[in-house]
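Good morning, and thank you for making time for this item on the agenda. I would ask you to have the display open while I speak.

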Amino acid sequence: MLRNLDHVRLPLAVLAAVTAAAGQSSPPAVSFGKEVRPVLERACSGCHGGQQHMAGFSLATRESAMRGGSHGTAIIPGNAANSALFQRISGKLQPSMPVGGKLSEAEIATIGRWIDQGAKWEGAALAAAAQTTGGAAGRKITEADRKWWAFVKPVRREPPVSPEARWNSNPVDQFVHAKLRENELVPTGRAPRQTLIRRLYLDLTGLPPKPEEVDAFVSDGSPDAWAKLVNQVLDSPRYGERWGRHWLDVARYADSGGYEQDFTYPNAWRYRDYVIRAFNQDKPYDRFVREQIAGDELDDADYDAVTATGFHRVGSTVGFREKDNPQYRYIYLDDLIGTTTRAFLGMTVSCARCHDHKFDPISQADYYKLMAVFNPYINYDHPLAPASEVAAYEAKRASIQGQLDPLIETIRTLEAPYRKQAFEQKLATFPKDIQEAVRTPEAQRTEGQKLLATQVLSIRPNNHRSLMKAEDREAVDKLQAQVRELQKQMPRPLPVAMGVRDGDHRLAPMGPGDDEAPGKAGSGNQGGDINETYVPVAGKPYKPPKSYFLEAGDYLSPGPEMQPGFPQIVGDLGIPTAIPPKDGRITTGRRRALAEWVASPENPLTARVMVNRIWQHHFGKGLVLTASNFGRLGRRPTHPELLDWLATEFVRKGWSVKQMHRLILLSETYQMDSRYSSKAALETDPDNLYLWHYPQRRLEGEAIRDAILAVSGKLNLQAGGPAYFPPVAERVRKSVAKGIWVVNDEGPAVWRRGVYSYFKRGMKYPMFEVFDQPDPNLTCESRSISTVPTQALTMLNNEFIVQQARYFAERVLEQAGPEQEAQVRAAYRMALSREPSGTEREANVAFLNRQREAHGGSASPALEALADLCDVLINLNEFLYIN
């Protein structure tokens, strides 16, 4: 990441060395081969040499070095001070280079002189740094590794006393104001009450307050008015819907599997509802962690706990059976490792899949120890019913299945030759290399042929019936009629939660490609799941599948067997690598051990990561800007002492998320005005990293839609249950070939909150997509915030928004009557939570008159004009932003 700066202050020692050299009448020439090349090869070529061109910048040759990277020119021959390379190695352009280290001042000065002397380059290209790995034994952890701030247990320091009384009533304010004083920044005053209540409601619930709620707070003169309001809003069920959505981004939640087939997850919504319920109930965060990682292995596992394991299931899946496609198993395991460690620990462990992590003390061995933790997992649909009810269900189902099996087997036997004939006819239409791949014996296929054969063999031509003899077709029809009659007698499926448990993925007898294979509760195949697998049975020995160190991450190159373990940099914290349930349930207990390790108060990462996420959603940015990366490629905390204090307080208060909310929301820092006039502060801290004013931020697409429905009076607050499908234009639906999208009309059934809408990986709801809904294939630490023309066009022209603006107008007319000033006042109070100014009243009354004339030919010109005004109001930044 290299770019130029016009004016950069450099360390005095470095400047002295450079200018002293420049002042000599004949400065000694720098030898590239002896003085520069060794430094670049040692410190830079690992990321910018050989095949590694991070940020598009390569130092392999002079030509590539002069070309620069994705951030512009890096080396300006003859001008070291303005060369981004020199600015980064000297630490005045962030992030400084090399990552995780620092050149000596002599080396920095030498490179500066080399650039000033024309950056001459002799000899061959730089030698590429070798890919380092400590192998299955792991790497050596250095003292510098252990001292990295994120791996040091948080230290609770006494909050610094402020000379101003306003900043001494809350520890958050004491730390923030100390940093403001340190940087000579003057904070803004407190925001008006109308702004504060709107900020709080949008922040905690994603919905604007009602006018009567604003009036009640503004008129409440009690000293604890704000504290009472905070508690009131935290108790709202709307809170969990808003903050649950934040966590679902981290969990890469979606209602379909993505990739080519984009299968629907029929029970994913139960995990979504679990998350919302957990936030509303203020479930202790350490319990929240344990349930999602290993809820099925807990001693006190309940329906919530097993539902929580859906965290491992809601990621993307290819759709082919693992027993036939072992490579996909490693894709899913990598997703589990990457999502779990980023979400809960802020560690990028997946970077160590093929070699030791380039920047952080995470070895390839650490990665494969975690793979051994997860490797026994299988997809499993947990019955949400008492054991007696499950047993009765299984018994009745087994009885009917016993009658079905021989009928189905007879049908298969009759159809088999015709299906084979139909497949051969279909195969003949493919290119010869594909035909050859299919006809080659499985053991003799190349890797490419295996992939081709797997894809073609999954095709099931449906024209076999046309090839059947009349008597065979008649026999099949009679048998299928009997099958249908028996299937009608099947008991109604039990409710199930999409989750995981331990088993053996290698012993899968069937998958959804075998469309005659009926699912059974708890089998992992109910509802068309793609990975029916072996489930351990009481009384039979269970040996979990072995896990191996994979050379260069290649599943075809297994090395030594790996045992479960934890990242070496943190240590085991006194926790064993397996904690089986006390009741003897058949499971390894490996995920339970990992969950206990992650949720341990001794873990230096977990509490820090979560309080940082909470802070981020209150202020738009975390104290650590890279919320899922606390490593060396991430950003250091802007307020390290505050982050540590919050982390220790979080644990002290029983890991209560709502207590953390209260602490932050009651602070002066949160209640500051977002408006400012200080040019000096803006120049010193243009990104507001030190919080000298409250940061404005735009609502997400879901919250924008929710807010529009709220002010129109049409928001349906039905909570939970299966996802609804918001109406989407036919041309958009037709652009997606796979998966489902149920066609609906606008109406109350689809005017629910956005968190309950169907989230399809292969096609996002257009309004949410245009407002930066994240990619659900990866854990999302923070949503992007773009400003593009399609957002304005959507807000002005979208059929849903135009319709809701009219409903909004009807609501205003019903409350305010025909008097225009009253209409303007009512519309402002509903949409913006404040009274309009005198100038705004006059301008909007004039607008209503103009629009009434423009709509003179309509049946209700006054209503049409008011609808235009309401449309304008919901297009204002003031409506779309938290201020």
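I shall begin with the chain as a whole, then turn to one helix pair, and finish with several individual residues.

Please keep in mind that this is a predicted model. The chain contains 36 helices and 6 strands. Its radius of gyration is 31 Å, close to the 29 Å that the globule rule gives for 883 residues, so the chain is as compact as a globular protein of that length. Along the principal axes, the C-alpha atoms fill a box of roughly 100 × 85 × 55 Å.

How much of the chain is buried? Buried residues account for 53% of the 883. The exposed surface of the chain comes to about 38300 Å², of which carbon and sulfur atoms supply 53%. As for contacts, if we take those between residues at least 6 apart in sequence, 71% join residues at least 24 apart.

Let me turn to the helix pair. Two packed helices are described by the angle between their axes and by the distance between those axes. Here the pair is α23, residues 606–619, and α24, residues 640–652; they pack at an angle of about 105°, and their axes are 9 Å apart. Because angles from 65 to 115 degrees count as roughly perpendicular, α23 is roughly perpendicular to α24.

Which residues of the two helices meet? On the α23 side they are Ala607, Arg608, Met610, Val611, Asn612 and Trp615. On the α24 side they are Leu642, Leu643, Asp644, Leu646, Ala647, Phe650 and Val651. Sorted by class, this contact holds 10 nonpolar residues, 1 polar residue and 2 charged residues.

Two of the residues just named appear again in the surroundings of Val176. This valine is found in helix α8, residues 171–182. With a relative accessibility of 0%, Val176 counts as buried. Leaving aside residues up to four places away in sequence, Val176 touches Trp615, His639, Leu642, Thr669, Tyr690 and Leu691. Trp615 belongs to the α23 side of the helix contact, and Leu642 to the α24 side. By way of contrast, Val742 lies 566 residues from Val176 along the chain, and the C-alpha atoms of the two are separated by 50 Å.

Leu691, one of the residues touched by Val176, deserves a comment on its backbone. Although Leu691 is not a glycine, its phi is positive, at about 60°. The residue sits in the loop between α27, residues 679–684, and β5, residues 697–698. Is Leu691 buried or exposed? At 6% relative accessibility, it counts as buried.

Ala119 also has a positive phi, of about 50°, without being a glycine. Ala119 lies in the loop that runs between α6 and α7, the latter being residues 143–147. Its relative accessibility is 0%, and Ala119 therefore counts as buried.

A further backbone feature concerns Met97 and Pro98, which are joined by a cis peptide bond with omega of about -5°. Pro98 is located in the loop between α5, residues 84–89, and α6, residues 105–116.

I come now to buried positions within helices. In helix α14, residues 285–294, 10 of the 10 residues are buried. Among them are the charged residues Asp286, Arg287, Arg290 and Glu291.

Glu415 is found in helix α18, residues 387–427. At 4% relative accessibility, Glu415 counts as buried. What does Glu415 touch, once residues up to four places away in sequence are set aside? The partners are His464, Met468, Val476 and Gln480. Of these, His464 is 49 residues from Glu415 in sequence, with 7.7 Å from C-alpha to C-alpha.

The last residue is Pro580, in the loop between β4, residues 558–562, and α22, residues 590–598. Its relative accessible area is 46%, so Pro580 is partly exposed. Pro580 touches Asp299, Thr587, Thr588 and Gly589, again not counting residues up to four places away in sequence. Ala843, 263 residues from Pro580 in sequence, is 70 Å from it in space, C-alpha to C-alpha.

That concludes the presentation, and I welcome questions.

Terms used. Residues numbered from 1 in each chain as written. Predicted model: local features only at pLDDT ≥ 70, side-chain atom pairs only at ≥ 80, totals over all residues. Heavy atoms only, no water. Axes fitted to C-alpha atoms, helices over the stretch in contact; angles between N-to-C directions. Helix = DSSP H or I, 4+ residues; strand = E, 2+ residues; numbered from the N terminus. Parallel < 35°, antiparallel > 145°, perpendicular 65-115°, else oblique. Contact = heavy atoms within 4.5 Å. Rg over C-alpha atoms; globule rule 2.2 N^0.38 Å. Buried < 20%, exposed > 50% of the residue type's maximum accessible area, 1.4 Å probe, protein only. Areas by Shrake-Rupley, 256 points an atom, 1.4 Å probe, with all protein chains shown as cover.
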